[in-house]
Amino acid sequence: MDYDSVNADVNETISIQQTSTARDGSNNTGIVETASNEQSSETSEASKAETSEASKADSKSTDKPNSNNDKHLDSLNETTISGMKTDNNETYYYKNKQLQKGSQLIDGHTYYFDTETGVMKKDYFEFTTDNKVYYYGLDGIRYTDQFYVNWGKTYYFGNDGARYTNQFYGNWGKTYYFGNDGARYTNQFYVKWGKTYYFGNDGARYTNQFYGNWGNTYYFGDDGARYTNQFYSNWGNKYYFDGDGILTKNKIFMVNNIKYASNDKGILSVQSLNKPYYYSQFNPEWSQTWFNDHIFAMDGCVPTSIAMVLKGSYNINVNPRQVANTINTFHDNVGATGIDLQRMVSAYGYNAKSLASTQAKNALIQGTPLIVLVNVGIGHAVVLNGYSNGATEVFDPYDKKFYNGWYSLEGILNRLSNDSHDWDAGTPVFAIS
């Protein structure tokens, strides 16, 4: 509205009214008042319009959409926003005024921004739906090819940023392992693939190293696996680590049918076994007792032969009757079969291994005593020990009736039992170790 035109019109009206009053002398103040009111009304309407326009303009300048994208534009006071910006000590990331959220790659580094607020995460672990764990440091950068130490434990985040979990890690010529909680193994054993490993106080796997604890000595080889039932040679000496991985000391033991003795330092020497102790199945102490379905004097050659080997060669104080008592069921009703023999030997912690005839000679040369089931007109068991010039010493429990002294090994092996029950463990030739 043109306010100057309005004012001119009002003034002209007032001037006419004043002239008219002067001319006729009458009182026209009502007209003047009306005009004044009209002017006031017009002015008020103009003011309202002006106020309305100003209000609209102000509304346009202050009204903001309810969106995180523009939440920080005023405080940042920039017309074009791109990159990382800080507001109230919080860091945000924009691309063309658009607030970014989630994982973002910026200048070669990966950051994580809250999926709701867009605030950069710092000192933050991210757990993903595919069971991976990531860590963002105090500067917000995701750890990559980095160790992280906290809570007294060490973790490692690989080249994809994911935490190592149930994984080996190799570096600096050493091997490390991170368990199912991601923590590095430290001063810990690790068992896998039927083998035992050890990770020291720096987390490195023991490799070609000795380890001492609990008063015992252990050794971990070039693959990191603990030596178990294995020989170790060094410094011109030979050592042996048993089934628990312990270095044997001050012991006499058999390995592969060879007798060894270890001193207080674990150094081994090869020993000769003692000769079998002679027992007769006709000894009055047991000859008339029952064995299977017959008396001991008739069918007790197998337990008597076993007792000779255990007592003489392995220093176990046992007699034939005690050996026989270790089993109460048999695979045949006459004497004992090959399987019965093995069961009686194993009751004392030893092994009766069935051998081919061609293996008998080497076993005897190595000092291992044999029990052989032969045919001497009847099925019978005898003990063989030692080897010299094709001959072996025979211990015959049948009161030495069939054998007494040294005999051709070949001749004995040519007289193996033809009873099928004596072959039920494979062959009727057994190395006792």
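Which residues does S408 touch, not counting residues up to four places away in sequence? In this predicted model, S408 touches G390 and A391 once those sequence neighbours are set aside. S408 itself has its place in strand β27, which covers residues 405-408. The contact with G390 joins positions that are 18 residues apart in sequence, and the two C-alpha atoms are 5.9 Å apart in space. With a relative accessible area of 41%, S408 is partly exposed, because that class lies between the 20% limit for buried residues and the 50% limit for exposed ones.

A second serine can be described along similar lines. S357 lies in helix α8, residues 357-365. Its relative accessibility is 35%, so S357 also counts as partly exposed. Not counting residues up to four places away in sequence, S357 touches L413 and L416. A further spatial relation links S357 to P428: the two are 71 residues apart along the chain, yet their C-alpha atoms are separated by 9.1 Å.

These two sites belong to a protein with 9 helices and 28 strands. Of its 433 residues, 42% count as buried. Among contacts between residues at least 6 apart in sequence, 40% join residues at least 24 apart.

Helix α5 deserves separate attention. It comprises 14 residues, 301-314, and at 1.5 Å a residue it should span 20 Å; the C-alpha atoms at its ends are 19 Å apart, which agrees with that expectation. Of the 14 residues of α5, 13 are buried, so the helix is largely enclosed by the rest of the structure. Just after α5, N315 takes a positive phi of about 60°.

The interior can be followed from this helix. The largest nonpolar core has 30 residues, and those with the most contacts inside it are V302, I306, L341, M344, I371 and I432. At least two residues of this core are supplied by each of α5, α6 (320-324), α7 (338-346), β24 (370-375), β25 and β28 (429-432). The largest share, 8 residues, comes from α5. A second, separate core has 18 residues, including A360, V374, V429 and A431.

L341 illustrates how the largest core is connected. Leaving out residues up to four places away in sequence, L341 touches V302, I306, A352, I371, L373 and F430. Among these partners, V302, I306 and I371 are themselves listed with the most contacts inside the largest core.

Attention may now turn to the largest pocket. Its volume is about 320 Å³, and 18 residues line it, of which D299, V334, G335, G379 and H380 lie nearest its centre. The elements that give two or more residues to this lining are α4 (296-299), α5 and β25 (379-388). The most is given by β25, with 3 residues. By residue class, the lining divides into 9 nonpolar, 5 polar and 4 charged residues.

Two elements therefore connect the core and the pocket in this description, because α5 and β25 each supply at least two residues of the largest core and also give two or more residues to the lining of the largest pocket, with elements taken as DSSP runs.

Terms used. Residues numbered from 1 in each chain as written. Predicted model: local features only at pLDDT ≥ 70, side-chain atom pairs only at ≥ 80, totals over all residues. Heavy atoms only, no water. Helix = DSSP H or I, 4+ residues; strand = E, 2+ residues; numbered from the N terminus. Expected span 1.5 Å × (residues − 1). Buried < 20%, exposed > 50% of the residue type's maximum accessible area, 1.4 Å probe, protein only. 1 Å grid on protein atoms, 1.4 Å probe; cavity = no way out; pocket = protein on both sides within 12 Å on 5 of 7 lines; lining within 4 Å. Points joined across faces, edges and corners; volume = space filled by probe spheres on them. Nonpolar A, V, L, I, M, F, W, Y, C, P; charged D, E, K, R; others polar. Core = buried A, V, L, I, M, F, W, Y, C linked by side-chain atoms within 4.5 Å. Contact = heavy atoms within 4.5 Å.
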